Every structure is written in structure tokens, then in C-alpha cells.
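Here's a quick walk through one protein model, helix by helix and loop by loop. Have the structure open while you read.

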Amino acid sequence: MGCFKGVVAVGYINEAIDEGNPLRTLETLLLPTANISDVDPAHAQHYQDVLYHAKSQKLGDSESVSKVLWLDEIQQAVDEANVDEDRAKQYGLFNLGSICEKRLGFISLA
């Protein structure tokens with residue numbers, strides 16, 4: 001039964017990622033059935049960005065048999081986002097732009 005609940009949580013999380021609403025994504029990450037650890041509500045936008053990027057990468061991979069992020073991939077993305085946030089605090093950055101650019105490969109147009 002627990003496995004089924006995890007699959008349902010995966011569906012909710014992936015839907016929220018696709019919606020692009022950080023608060024909705026946060027809400028789904030906090031579902032008890034998802035069992036995602038170390039989720040900090042203050043990082044909602046960054047979780048959304050990192051998860052969206054991870055899912056986009058997966059969708060672009062022609063060898064990937066799955067088009068959704070599974071719980072282990074979601075946990076990995078949350079962990080990476082937390083590391084980004086920790087680095088930002090360590091370096092006294094108020095904007096994660098430079099870290100995001102390095103991690104996600106974004107090109108700043110500003």
C-alpha cells in the first residue's frame with residue numbers, strides 16, 4: 001500500500017512542477033506520502049526552478065524511458081537546491097543568480 005501512495009505523490013509533485021507554481025510544488029513536496037526530507041518552505045521558488053530544470057532535462061533525454069521525476073530524483077533535486085541555498089548563505093549572496101547559472105546552465109540576459 002505504501003508503494004501505491006508514493007506513486008500517487010509522484011503524480012501530484014510532477015503535476016505541480018508542470019504548473020510552475022512554487023507554493024503548489026512546495027505543498028506536494030510536504031505530502032507525508034512523498035516522504036521527501038529536508039524541505040524548507042523558504043526555498044519554494046528554488047525547489048520549483050531546480051525541479052523544473054531536472055524534469056526538462058529528463059524530457060529531453062531520448063534514452064529516458066520515464067517522463068516523470070521519481071521520488072529519488074525529486075529528493076536529489078531538493079538536496080541540490082538546499083546545497084545551493086547553503087552556498088548562497090555562506091557567500092553572503094542575496095540572489096542565487098550566479099549559483100543557478102552555474103548549476104542549471106542559465107544564461108543571464110541582464
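Does Asp-38 count as buried or exposed? At 57% relative accessibility, Asp-38 counts as exposed, where exposed means over 50% relative accessible area, buried means under 20% and partly exposed is in between (1.4 Å probe, protein chains only).

Some ground rules before going on. This is a predicted model, in which local features need pLDDT of at least 70, side-chain atom pairs count only at pLDDT 80 or more, and totals for chains, interfaces and linings use all residues. Residues are numbered from 1 along each chain as its sequence is written, and side-chain values use heavy atoms, with hydrogens and water left out.

**The overall picture**

The protein chain has 5 helices and 0 strands, so reading from the N terminus you get α-α-α-α-α. Helices (H or I, at least four residues) and strands (E, at least two) are DSSP runs, numbered from the N terminus. Of the 110 residues in the chain, 37% count as buried. Take the contacts between residues at least 6 apart in sequence, and 52% of them join residues at least 24 apart; contact here means heavy atoms within 4.5 Å.

**H2 against H3**

Helix H2 (residues 22-29) packs on H3 with the axes 8 Å apart and an angle of about 85°. That makes H2 roughly perpendicular to H3. For the wording: angles under 35 degrees count as roughly parallel, over 145 as roughly antiparallel, 65 to 115 as roughly perpendicular, and the rest as oblique. The axes themselves are lines fitted to C-alpha atoms, for helices over the stretch in contact, and angles run from 0 to 180 degrees between N-to-C directions.

On the H2 side, Pro-22, Thr-25, Leu-26 and Leu-29 make the contact, and H3 brings Ala-44, Gln-45, Tyr-47, Gln-48 and Leu-51. By class, that comes to 6 nonpolar, 3 polar and no charged residues. Here Ala, Val, Leu, Ile, Met, Phe, Trp, Tyr, Cys and Pro count as nonpolar, Asp, Glu, Lys and Arg as charged, and the others, Gly among them, as polar.

Arg-24 also sits in H2 and is partly exposed, with a relative accessible area of 24%. Leaving aside neighbours within four places in sequence, Arg-24 is in contact with Ala-16 and Glu-19. Its C-alpha atom is separated by 9.3 Å from that of Gln-48, 24 residues apart along the chain.

**The loop between H2 and H3**

Asp-38 belongs to this loop, and so do Asn-35 and Ala-42. Two of these have a backbone quirk: Asn-35 has a positive phi of about 55° although it is not a glycine, and Asp-38, also not a glycine, has a positive phi near 60°. As for Ala-42, its C-alpha is 9.9 Å from that of Glu-85, with the two positions 43 residues apart in sequence numbering.

Here is how the residues picked out in this report compare in relative accessibility:

| Residue | Relative accessibility | Class |
|---|---|---|
| Asn-35 | 66% | exposed |
| Asp-38 | 57% | exposed |
| Ala-42 | 67% | exposed |
| Arg-24 | 24% | partly exposed |
| Ser-64 | 16% | buried |
| Lys-55 | 6% | buried |

**H3 against H4**

Helix H3 (residues 44-60) and helix H4 (residues 71-90) have axes that come within 9 Å and cross at roughly 135°. H3 and H4 are therefore oblique to each other. Their crossing is right-handed, meaning the near helix is turned clockwise from the far one by less than a right angle (anticlockwise would be left-handed).

H3 contributes His-46, Tyr-47, Val-50, Leu-51 and Lys-58 to the contact, while H4 contributes Glu-73, Ile-74, Ala-77, Val-78, Glu-80, Ala-81, Asn-82, Asp-84 and Glu-85. Sorted by class, there are 7 nonpolar, 2 polar and 5 charged residues.

**Two buried residues**

Which residues does Lys-55 touch, not counting residues up to four places away in sequence? This residue of helix H3 touches Asn-14, Ile-17, Asp-18, Lys-67, Val-68 and Leu-69. Lys-55 counts as buried at 6% relative accessibility.

Ser-64, in the loop between H3 and H4, counts as buried too, at 16%. The Ser-64 side chain reaches the backbone oxygen of Ser-66 at 2.8 Å.

Key. Polar contact = N/O pair within 3.5 Å; in protein donor to acceptor, adjacent residues only side chain to side chain.
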